[in-house]
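The following exercises concern strand pairing, salt bridges and backbone conformation. Please attempt each task before reading its solution.

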Amino acid sequence: MSFFTLRRSSLLLGTTLIVLFFSSCSKDDSTIDDTDTVTTEEAILENEILELVNAHRNSIGKNSLALNNRASELAQEHTLYMINKGGISHDNFNERADILFQEENAYSVGENVAAGYATAQSVMTGWLNSTGHRDNIEGDYTHIGVSAIKNSSGTYYYTQLFLKK
(Lines give C-alpha, C1' and ligand atoms only; values in the text may rest on other atoms or scores of the structure.)
Protein backbone atom coordinates (compact mmCIF):
# COMPACT_ATOMS: atom_id res chain seq x y z
CA MET A 1 0.00 0.00 0.00
CA SER A 2 1.06 3.56 -0.48
CA PHE A 3 -0.43 7.02 -0.48
CA PHE A 4 0.23 10.43 -1.96
CA THR A 5 -1.15 13.92 -1.38
CA LEU A 6 -0.97 17.07 -3.51
CA ARG A 7 -2.44 20.47 -2.69
CA ARG A 8 -3.04 23.55 -4.85
CA SER A 9 -2.76 26.91 -3.15
CA SER A 10 -5.94 28.93 -3.51
CA LEU A 11 -3.98 32.15 -2.95
CA LEU A 12 -1.48 31.91 -5.79
CA LEU A 13 -2.59 31.03 -9.31
CA GLY A 14 -0.71 28.15 -10.82
CA THR A 15 1.27 27.50 -7.61
CA THR A 16 1.18 24.04 -6.15
CA LEU A 17 2.36 22.85 -2.81
CA ILE A 18 3.35 19.23 -2.94
CA VAL A 19 3.21 17.16 0.19
CA LEU A 20 4.60 13.76 -0.60
CA PHE A 21 4.15 10.85 1.72
CA PHE A 22 5.27 7.37 0.78
CA SER A 23 4.83 4.14 2.60
CA SER A 24 5.33 0.83 0.94
CA CYS A 25 4.02 -2.63 1.51
CA SER A 26 4.80 -5.84 -0.27
CA LYS A 27 3.89 -5.98 -3.92
CA ASP A 28 2.07 -8.81 -5.58
CA ASP A 29 3.60 -10.64 -8.53
CA SER A 30 0.66 -10.68 -10.90
CA THR A 31 -0.24 -11.27 -14.46
CA ILE A 32 -1.68 -8.79 -16.91
CA ASP A 33 -5.44 -8.51 -17.19
CA ASP A 34 -6.70 -7.16 -20.49
CA THR A 35 -10.18 -6.41 -19.17
CA ASP A 36 -11.17 -2.74 -19.41
CA THR A 37 -14.64 -3.07 -17.89
CA VAL A 38 -15.57 -3.27 -14.24
CA THR A 39 -17.49 -6.39 -13.26
CA THR A 40 -20.55 -6.37 -11.03
CA GLU A 41 -18.44 -7.91 -8.27
CA GLU A 42 -15.89 -5.10 -8.58
CA ALA A 43 -18.62 -2.43 -8.61
CA ILE A 44 -20.09 -3.90 -5.42
CA LEU A 45 -16.62 -3.88 -3.82
CA GLU A 46 -16.09 -0.23 -4.83
CA ASN A 47 -19.45 0.71 -3.30
CA GLU A 48 -18.57 -1.16 -0.08
CA ILE A 49 -15.28 0.77 0.13
CA LEU A 50 -17.15 4.06 -0.31
CA GLU A 51 -19.60 3.06 2.42
CA LEU A 52 -16.76 2.03 4.77
CA VAL A 53 -14.88 5.29 4.13
CA ASN A 54 -17.98 7.33 4.92
CA ALA A 55 -18.91 5.23 7.96
CA HIS A 56 -15.41 5.74 9.33
CA ARG A 57 -15.44 9.47 8.60
CA ASN A 58 -18.89 9.86 10.20
CA SER A 59 -17.72 7.93 13.28
CA ILE A 60 -15.06 10.59 13.90
CA GLY A 61 -17.30 13.57 13.13
CA LYS A 62 -16.16 14.13 9.52
CA ASN A 63 -18.38 14.80 6.51
CA SER A 64 -19.27 12.01 4.10
CA LEU A 65 -17.47 12.09 0.77
CA ALA A 66 -19.51 12.31 -2.42
CA LEU A 67 -18.56 10.00 -5.25
CA ASN A 68 -16.93 11.92 -8.11
CA ASN A 69 -17.27 10.27 -11.51
CA ARG A 70 -14.14 11.86 -13.01
CA ALA A 71 -12.05 10.82 -10.01
CA SER A 72 -13.46 7.29 -10.30
CA GLU A 73 -12.54 7.18 -14.01
CA LEU A 74 -8.99 8.28 -13.20
CA ALA A 75 -8.80 5.77 -10.34
CA GLN A 76 -9.91 2.98 -12.69
CA GLU A 77 -7.34 3.97 -15.31
CA HIS A 78 -4.60 3.94 -12.67
CA THR A 79 -5.72 0.60 -11.23
CA LEU A 80 -5.54 -0.96 -14.71
CA TYR A 81 -2.10 0.62 -15.15
CA MET A 82 -0.89 -0.97 -11.89
CA ILE A 83 -2.27 -4.36 -12.95
CA ASN A 84 -0.45 -4.13 -16.27
CA LYS A 85 2.72 -2.98 -14.50
CA GLY A 86 2.42 -5.82 -11.98
CA GLY A 87 2.67 -3.72 -8.82
CA ILE A 88 1.33 -0.74 -6.95
CA SER A 89 2.60 2.73 -7.71
CA HIS A 90 1.77 6.42 -7.80
CA ASP A 91 3.19 6.79 -11.31
CA ASN A 92 1.69 9.82 -13.06
CA PHE A 93 -0.10 11.02 -9.91
CA ASN A 94 0.66 14.64 -10.79
CA GLU A 95 -1.17 14.19 -14.09
CA ARG A 96 -4.26 12.78 -12.33
CA ALA A 97 -4.13 15.61 -9.81
CA ASP A 98 -3.77 18.23 -12.56
CA ILE A 99 -6.83 16.83 -14.33
CA LEU A 100 -8.84 17.09 -11.10
CA PHE A 101 -7.51 20.62 -10.45
CA GLN A 102 -8.50 21.73 -13.96
CA GLU A 103 -11.67 19.76 -14.71
CA GLU A 104 -13.16 19.50 -11.21
CA ASN A 105 -11.80 22.73 -9.69
CA ALA A 106 -10.16 20.71 -6.92
CA TYR A 107 -8.18 22.53 -4.25
CA SER A 108 -6.31 19.45 -3.00
CA VAL A 109 -5.96 15.85 -4.12
CA GLY A 110 -4.77 12.71 -2.35
CA GLU A 111 -4.36 9.10 -3.41
CA ASN A 112 -4.23 5.70 -1.72
CA VAL A 113 -3.31 2.51 -3.57
CA ALA A 114 -3.14 -1.11 -2.48
CA ALA A 115 -3.13 -4.66 -3.79
CA GLY A 116 -3.67 -8.14 -2.46
CA TYR A 117 -6.66 -7.55 -0.17
CA ALA A 118 -9.66 -9.80 -0.88
CA THR A 119 -12.41 -7.69 0.69
CA ALA A 120 -13.44 -4.08 1.18
CA GLN A 121 -13.09 -4.46 4.93
CA SER A 122 -9.57 -5.89 4.70
CA VAL A 123 -8.24 -3.12 2.43
CA MET A 124 -9.90 -0.48 4.64
CA THR A 125 -8.33 -2.04 7.74
CA GLY A 126 -4.95 -1.99 6.02
CA TRP A 127 -5.33 1.67 5.05
CA LEU A 128 -6.60 2.69 8.49
CA ASN A 129 -3.65 0.93 10.16
CA SER A 130 -1.24 3.15 8.19
CA THR A 131 -0.90 6.76 9.32
CA GLY A 132 -0.56 8.28 5.85
CA HIS A 133 -3.44 6.30 4.35
CA ARG A 134 -5.62 7.09 7.35
CA ASP A 135 -4.70 10.79 6.99
CA ASN A 136 -6.05 10.72 3.43
CA ILE A 137 -9.23 8.87 4.44
CA GLU A 138 -9.80 11.29 7.33
CA GLY A 139 -8.53 14.33 5.41
CA ASP A 140 -10.19 17.62 4.54
CA TYR A 141 -11.80 16.32 1.36
CA THR A 142 -15.29 16.56 -0.12
CA HIS A 143 -15.21 13.93 -2.89
CA ILE A 144 -13.74 10.54 -3.68
CA GLY A 145 -13.15 8.25 -6.63
CA VAL A 146 -12.78 4.52 -5.99
CA SER A 147 -11.54 1.65 -8.11
CA ALA A 148 -11.20 -2.06 -7.29
CA ILE A 149 -10.20 -4.39 -10.12
CA LYS A 150 -9.22 -8.05 -10.03
CA ASN A 151 -6.33 -9.15 -12.23
CA SER A 152 -6.35 -12.41 -14.20
CA SER A 153 -4.80 -14.22 -11.21
CA GLY A 154 -7.64 -13.15 -8.92
CA THR A 155 -5.71 -10.46 -7.02
CA TYR A 156 -7.47 -7.17 -6.38
CA TYR A 157 -5.79 -3.82 -6.99
CA TYR A 158 -7.23 -0.62 -5.52
CA THR A 159 -7.02 3.12 -6.06
CA GLN A 160 -8.73 5.86 -4.05
CA LEU A 161 -8.56 9.46 -5.27
CA PHE A 162 -9.60 12.13 -2.78
CA LEU A 163 -10.35 15.71 -3.70
CA LYS A 164 -11.54 18.87 -2.06
CA LYS A 165 -13.61 21.30 -4.09
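The exercises below refer to this predicted model.

**Exercise 1. Strand β6 and its partners**

Task: Determine which strands are joined to β6 by bridges, and in which orientation they run.

Solution:
1. Strand β4 is joined to β6 by 8 bridges, and the two run antiparallel.
2. Strand β5 (residues 143–150) is likewise joined to β6 by 8 bridges, also in antiparallel orientation.
3. Individual residues show the register: Glu111 has Leu161 in β6 as its bridge partner, and Ala148 stands opposite Tyr158 in β6.
4. The hairpin of β5 and β6 has 5 residues between the strands, and Gly154 in this hairpin takes a positive phi near 90°.
5. As for accessibility, 8 of the 9 residues of β6 (residues 156–164) are buried.

**Exercise 2. Salt bridges between separate elements**

Task: For the salt bridges of Glu41, Arg96 and Lys165, identify the partner and the closest N and O distance.

Solution:
1. Glu41 pairs with Lys150, with the closest N and O atoms 3.2 Å apart. Glu41 belongs to helix α1 (residues 40–59) and Lys150 to strand β5, so this salt bridge ties together parts that are 109 residues apart in sequence.
2. Glu41 has a relative accessibility of 44% and counts as partly exposed; Lys150, at 26%, is also partly exposed.
3. Arg96 pairs with Glu111, the closest N and O atoms being 2.8 Å apart. The pair links helix α3, which holds Arg96, to strand β4, which holds Glu111, 15 residues apart. Both Arg96 and Glu111 are buried.
4. Lys165 pairs with Glu104 at a closest N and O distance of 3.0 Å. Lys165 lies in the segment after β6 and Glu104 in the loop between α3 and β4, 61 residues apart.
5. Lys165 is partly exposed at 44%, whereas Glu104 is buried, because its relative accessible area of 17% falls under the 20% cut-off.
6. The count of salt bridges comes to 7.

**Exercise 3. Positive phi outside glycine**

Task: State where Asn92 and Asn105 lie, and whether each is buried, partly exposed or exposed.

Solution:
1. Most residues other than glycine have a negative phi.
2. Asn92 has a positive phi near 65° and is placed in the loop between α2 (69–85) and α3 (93–103). With 39% relative accessibility, Asn92 is partly exposed.
3. Asn105 has a positive phi of about 55° and lies in the loop between α3 and β4 (108–115). Asn105 is exposed, because its relative accessible area of 56% is over the 50% cut-off.

Key:
Residues are numbered from 1 along each chain as its sequence is written. This is a predicted model: local features need pLDDT of at least 70, side-chain atom pairs count only at pLDDT 80 or more; totals for chains, interfaces and linings use all residues. Side-chain values use heavy atoms; hydrogens and water are left out. Helices (H or I, at least four residues) and strands (E, at least two) are DSSP runs, numbered from the N terminus. Buried means under 20% relative accessible area, exposed over 50%, partly exposed in between (1.4 Å probe, protein chains only). Two strands pair if DSSP finds at least two bridges between them. A salt bridge is a side-chain nitrogen of Lys or Arg within 4 Å of a carboxyl oxygen of Asp or Glu.
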